[in-house]
Structure formats: structure tokens, C-alpha cells
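Thanks, everyone. Please bring the model up on your screens, and I will talk through a few of its features in turn.

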Amino acid sequence: MVLHEALSVMLERLRALVQEYVSKQLYESAQFWADKVLTLSDGDPSDLATYGQVLYSRGHYQRAAHILEGSPHLMRSAALRYLTAKCYAASKQWEQVLSILEPQEETQDQGDQQEGPDSIHVPSLGNVESASMLLQGLAHEGLGNIHAAVSSFKASLAADVFCEEALEKLRYLHALSAEEERSLIASLPFRKQCAVEEEQLVRYLYQKKLVHGTQHATPAAGKSAADFGATGDVSRVTQALATNLDVLSSRAEESFRNFDAAACLDLTSHILSHDPYHESALLLHVACCVQVGRADELFSLGHRLVEQFPGSPLSWYAVACYYIVVSRHQLVLKYLTKAISLDPHFVPAHMAFGLAFAAEGEHDQAIAAYSNAARMMQGSHWPLTYLGKEYFLTGATSISNRFMKNACALAPSDPVLLQEIAVVLYHSKEYEKAERYLTRAADCLRSVDPHVTLQAWEPVYSNLGHVHRKLRRYELALECHFKALQLKPDEPSTLTAIAFVHLLRGDYDGAVVYCNKSLCLRREDQFTIAVLQEAVEREGEEALDLGSLEVGTMDEGESSPALYGDGGEGGNATSGLNCCDAAMTVE
């Protein structure tokens, strides 16, 4: 009896010693004593779990899985099965993960045994239901079954509303549309699992994190922080969290979604000054550097990331983005391939692949890249938008319309998508419909930027001016072009557009003035020269055939600069019609 008590005391002391070594990350010592404790306790499930965790921490995944699977307690302990599956997941043996975790239909006769199939509890692990569902989702994702992965991640979050990793996976995969995001948050059992203050805080943080949380929200649909319960004491907590780097990263992503690259760069630079390897901030920072053309910064950042994290797809993606900025197409493809080889589901690389191929006019390869992205980003409209654009450029108008329609169903108020649809309609000579979509795009811009001050919005107003010109609404066309010029001063194509409208109105002096301004910036532009010559020649004529000057087509080949990024969304682009660079036909 005394010997038994002495052994019990010694076991407790050794168990405490193991935990102390684990907390100090002295895993070899922890493994040594955990092994002895397991033997002295005759294979106690809690000691087995501790030993398995130590082996996992040392990277001995196969050894840990073998020992855990050899335990007679495995099938009666959800915690032990979870640990075993975790070891197989670390080795990317996804089929083994599912075989361990998925429900087993057993009909064994348990006789007088009163314990259920999951009767053995491991206190150190607690309830592993949510963690097990998360692991199943990772396994399904690894096997390419995105639908099953999404279902598992949703189940994981429902089982534990604090399991942010499940929400992050849904966000990373762009698996949910805006409506599905709202439905998911509304369905979570916050009140069963959280105190009132916790529920309000979690709702607030999750809403900030969601992909569609603030993207192009109209005033009717938009909600303030208070609408999600950030009031009272919780409001003070959220104010205290205002300097938290993750919260700042959410603010940066919100700015990026609204194409405010300058604000996004300010935030990401601040975040990276405190944490140089903050992953979500790094991805946004890379995207903004591409937008504003910071090649030097991308060069140094890419090399630093490759040196520190050669196994991360983000590192090689940053290198590829540098070569995007300096226009080295073959090297772009090389490093994007490297990124995808490290993580086949790294969506930004797939989107960048499509953009890189599209920039070189390789439409078939671009379509293949966007198709891969669309399979992974089932809740995002971006791949569908770009597929529609590429099919349009290849002449498959009906297929293009179908993709654009599906994209619009996912994001009916995205100004870039609305503009892309307008481009397709314009080239189909459906000018009235194009004008409606561009007007909607302008309304959406004002909802996120009431004073419309961002340079990124310039193509919308420029294109709307071109459409009004085709409809012979010359005053409205000038109004739109001047708004575009206000957003992007000294843009030669806009100056030429204004000159062209003045020519069509019969205001030859105005046409000459704006042609000269345009040619000061772009001296050899043939269309501007043609407008200038026509204005000078017709200034003295008494009879004008203005109708013969109107151009029937636009220059399909020119568009405004692409905005690369992941998004948290993988990449954005704003296309312009830029019809003023088309050849003018005079009968």
C-alpha cells in the first residue's frame, strides 16, 4: 500500500516535470520522462496523449502515429484518434486522416461493458469535436474535395465558435458568397457558447475578418460596428483592440478592397514595422507594391522572405510580383510555378498566373489559370469575371456573358465587375445597357468613397464619358471626362477624349486646345494628331458632317493598369474602354 502511494506521488511529480519541460520547449527531456511515465502508469490514456504530443512537437509524426494506433484505447477515445490523425496530417497522409476521424460503424458486442465508444476522456485535450472537424476539412482540402472541406470547416466553427482557424480557412478558400457569410455568422450558436460580452466581441472581430464584410457595401446594406454589438463595455474593448495588428490588417484589407492602395500601404507598413512577418499584412503589402510599382521594395522583400521562409508559397509569390513589375514574363511564370508547387491551393498565385498570361495575350493559358482559381474560390466573383473577360477577347461572347452573369450574382455591387460588363456591352454596341452598368458602378463608388477622390476610379468616369459620346450626349460626356481628369490629371487619353467630344460638338477651338495639351504629354499619338488635323481643317468650313466623324469601334487592346493582389482575393483589375486611341474614320 505504501509502495503504491509512493509510486502515485512519483508519477504526479514526473508528469509535472514533463509539462515543465514542454513549456520550456526542452522536448527531448520531455520525451524521455513522458516515455517512463507511460510505462509506470501502464499505458494510461492521458499519459499516452502527452507522449504523443511530445513526439509530435519533435517532428516524429510517424512514430507518434504508430504508438497511438497501437493503443487498445484508441477507438474509445476521440482525443487519441484526433492526435493520431494530427500526426498523419503533418505527413500529408490525408486518406489516413479521414480513415481515423470519420465515423466508424461498428457492431461489436460490448457485453457487460458500460462504456460508450468515446468514453475515455483526456482532460488535457478537452473536447476535440471542433478540432477533429477542422482536421477533416484540411484532409478534404488536401485531396481536392473543396465542397466537403467547406462543410467540415463550417461544422468545426459551429462546434466551437472561438475556433478562428476554421473561419480563416473558409476565408482563405474564398468559399462563401456575401450572403453565405452573413448566413453562417447568423447561424453560429454564440449564446450557447459565449457570455454576452464575448458574443459581441467575437461577432465584431469575425465581421471585420470576413471577405465580404465591408466590400462595396451600399448604405442600406452597410452596418457600423455598433450594429454588430460593439457597444457599452465591448465598445471600449474594441477601442482597445484598435492597435492590434490583426485588426489593423483587417482595416488594411478593407482599404485594399476599395482600391485605396495608399491607405492600405500606410497600414501594412505600420504593421510590418512591428511584425515583419505578419502573413496577411505581407500579402496585402505585396499586392499594393505591385499596384504602385515599388520594384525595389518588392525585390528586397522577396529576397528576405525566400531566405527566411523558403518553404512558404508567399515568399516565391513576392519574388514573382517583383518580376511582374519589371515585366519579366518568363521569370514571373517560373516563380509562380514554384509557389503553387508548395501549396496547390495558394489562390493569389493562380490569379497572378492568369493575369500574367492575359498580359501576354495568351488567352487559353489565362483561361486555364482562372478556371483553376474558380474551382478553389467558389464564393468569389473575381475568377468568373476574368474568365468572362478572356472569353470575350477570344470572341466567345455567349460564354463571356454567362460568366459575367454568374459573377454579377455573387457581387452585384462591385464597380469593377460592373465596368467589365459594360465593356462587353459596349463592344456589342448595346450602349444604353453599358451606360446603365457604368452608372451603377459610379453609384457604388460613391457609397464607399463619397467624394470620389481615389485615382483608381478614373476609368469608370472616363468610360462613362465614352458611352455618353456614343449616345451623342456630349455635355454629359464632357462632364464625365472632366471628372476623370480631376481624378487623374494630365492623363493624355482623357485630354484627347475631351478634344474629340469638342470636335463632334463643333467646338474646334476647344478641340485644338485639348489636342495640344495631350500632345505635350504624348507627342506621337496618331489619333490625337488626326483629331487636331481635322479640327484645324474644319474650322473654316461652313458645312460639317459631324456624323461621319463618329467612331464605330473602340481599341480593344488597351486597358488601364491591372491591380494585382489575394485578398485577401487573389487579384483585381480595372479595365478602361479608352476609345480615344482608336483610329478615327472620316468619310
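Of the contacts in the chain between residues at least 6 apart in sequence, 61% join residues that are at least 24 apart, and I should say at once that what we are looking at is a predicted model. The chain has 587 residues, of which 51% are buried, and its secondary structure comprises 30 helices and 2 strands. Its accessible surface comes to about 27,100 Å², and carbon and sulfur atoms account for 51% of that area.

Let me turn to one helix pair. Helix α3, residues 45-57, packs with helix α5, residues 78-90, at an angle of about 15°, the two axes being 10 Å apart. Because angles under 35 degrees count as roughly parallel, α3 is described as roughly parallel to α5, and the crossing in which α3 passes α5 is left-handed. On the α3 side the contact is made by P45, L48, A49, Q53 and Y56, while α5 contributes L80, L83, K86, C87 and A90. Sorted by character, the residues of this contact of α3 with α5 divide into 8 nonpolar, 1 polar and 1 charged.

Next, a glycine. G510 belongs to helix α29, which covers residues 508-521, and with a relative accessible area of 11%, G510 is buried. If you would like a distance to check in your viewer, G510 and A535 are separated by 25 residues in sequence, and their C-alpha atoms are 9.1 Å apart in space.

Finally, some backbone angles. Most residues other than glycine have a negative phi, and with that in mind I would like to point to two positions. F259, which is not a glycine, has a positive phi of about 65°, and F259 is found in the loop between α14, residues 245-257, and α15, residues 261-274. S327, likewise a residue other than glycine, has a positive phi near 60°, and S327 has its place in the loop between α18, residues 313-325, and α19, residues 329-342.

Are these two residues buried or exposed? F259 has a relative accessibility of 4%, and so F259 counts as buried. S327, on the other hand, has a relative accessible area of 61% and is therefore exposed.

That is where I will stop, and I am happy to go back to any of these positions on the screen.

Definitions and conventions
Residues numbered from 1 in each chain as written. Predicted model: local features only at pLDDT ≥ 70, side-chain atom pairs only at ≥ 80, totals over all residues. Heavy atoms only, no water. Axes fitted to C-alpha atoms, helices over the stretch in contact; angles between N-to-C directions. Helix = DSSP H or I, 4+ residues; strand = E, 2+ residues; numbered from the N terminus. Parallel < 35°, antiparallel > 145°, perpendicular 65-115°, else oblique. Left-handed = near helix turned anticlockwise from the far one by under 90°. Contact = heavy atoms within 4.5 Å. Nonpolar A, V, L, I, M, F, W, Y, C, P; charged D, E, K, R; others polar. Buried < 20%, exposed > 50% of the residue type's maximum accessible area, 1.4 Å probe, protein only. Areas by Shrake-Rupley, 256 points an atom, 1.4 Å probe, with all protein chains shown as cover.
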